[in-house]
Amino acid sequence: MKRSLLGRIWPNATAIVLFVMMVFPVYWMFTTAFKPTADIVTDNPVWFPTDVTFEHFKTAVDAPDFWQLVTNSITVTVCAVLLSLVIALFASFALARMRFKGRKGMILVFMVAQMAPWEVMVIAIYMIVRDADMLNSLLPLTLFYMVMVLPFTVLTLRGYVAAVPKELEESAMVDGCSRPQAFVKVILPLLAPGLMATSLFGFVTAWNEFPLVLILNKEPGSKTLPLWLSQFQSQFGDDWGATMAAASLFAIPILIVFVFLQRKAVSGLTSGAVKG
């Protein structure tokens with residue numbers, strides 16, 4: 001009986017400890033953003049702030065080019081995710097439904113591309129963009145972010161397309177639908193969890209990406225929020241309240257997207273991993 005009780009307690013206790021370790025930095029970031037400066041620099045940590053101030057958020061929002069950088073980040077991220085989804089839908093359908101020469105080799109290429117560190121190509125990417133006279137432009141960032149998330153998107157959606165019975169598609173075609181119509185009306189609605197999972201992954205990857213924009217976009221108006229956040233403290237010195245407010249503003253879009261997509265995303269990741 002004791003062994004059975006201990007067997008139930010220690011996994012739960014371990015999970016709680018890990019949860020606290022992961023959540024505490026986020027909690028401290030958000031609470032610090034709302035604390036008065038006196039509570040931040042004190043020798044006695046204020047765990048539960050009672051005096052709330054929005055002054056640090058005002059400092060962050062009033063920083064030069066803030067709203068321009070927000071627009072840049074949203075534009076690049078959303079366009080990259082949408083482009084990857086459109087391309088991956090066609091590629092995943094072909095890999096899951098059709099049999100053609102080189103199909104297995106193409107799947108292997110996507111797997112290798114997913115595992116390979118893209119940072120080794122930074123110098124080549126810079127030279128390509130420089131020679132094309134497209135430095136400090138959002139278009140190269142969008143295209144390369146799309147390429148970064150495309151392998152994962154294709155492999156995940158391929159597993160989900162393979163999980164849809166062929167008979168559903170064939171029945172729609174017997175009823176008069178063409179193959180594209182059967183895909184749109186029958187298969188596409190069933191891919192919603194996979195689309196959510198890949199959208200979440202693509203959004204987080206593109207939103208957080210830092211090294212590429214650091215190299216390609218030097219002008220203030222062409223940067224994105226990750227680069228702005230890395231340079232924020234150098235602009236405001238040791239203003240930890242403003243720094244935490246800036247980090248909180250940067251994290252809020254990811255939290256919003258995750259809250260809306262997390263249920264579908266979990267099932268989509270699971271199905272894409274074990275089927276097809």
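Three residues of α5 are buried: Arg103, Ile107 and Phe110. The model is predicted. Buried here means under 20% relative accessible area.

Take the geometry of that helix next. Seen down the axis of α5, the buried residues fall within an arc of 60°, so they line one face of the helix. A general rule of helices helps here. An α-helix has 3.6 residues a turn, so residues three or four places apart point the same way. The cover over the buried residues of α5 includes α4 (66-97) and α7. The other side of α5 looks outward in the accessibility values: Lys104, Leu108, Val109 and Met115 are exposed there.

The length of α5 fits a regular helix rise. It has 13 residues. From first C-alpha to last, α5 reaches 19 Å, close to the 18 Å expected at 1.5 Å a residue.

Now turn to the largest pocket. Its space comes to about 380 Å³. Four elements each give two or more residues to the lining of this pocket: α5 (103-115), α6 (122-131), α7 (138-163) and α10 (192-208). Which of them gives the most to the lining? It is α7, with five residues. So α7 appears twice in this account: it is part of what covers the buried residues of α5, and it leads the contributions to the pocket lining.

In total, 16 residues line the largest pocket. Nearest its centre lie Ala113, Trp118, Met121, Val147 and Met148. What is the lining made of, by class? It has 14 nonpolar residues and two polar ones. Charged residues are absent from the lining.

Note on methods. Residues are numbered from 1 along each chain as its sequence is written. This is a predicted model: local features need pLDDT of at least 70, side-chain atom pairs count only at pLDDT 80 or more; totals for chains, interfaces and linings use all residues. Side-chain values use heavy atoms; hydrogens and water are left out. On a 1 Å grid over the protein atoms alone, a cavity is a set of points where a 1.4 Å probe fits but cannot get out, and a pocket is an open set with protein on both sides within 12 Å along at least five of seven lines; lining residues have an atom within 4 Å of a point. Grid points are joined across faces, edges and corners, and a volume is the space filled by probe spheres set on the points. Ala, Val, Leu, Ile, Met, Phe, Trp, Tyr, Cys and Pro count as nonpolar, Asp, Glu, Lys and Arg as charged, and the others, Gly among them, as polar. The expected span of a helix is 1.5 Å times one less than its number of residues. Buried means under 20% relative accessible area, exposed over 50%, partly exposed in between (1.4 Å probe, protein chains only). The arc is that of the directions from the helix axis to the C-beta atoms. Contact means heavy atoms within 4.5 Å.
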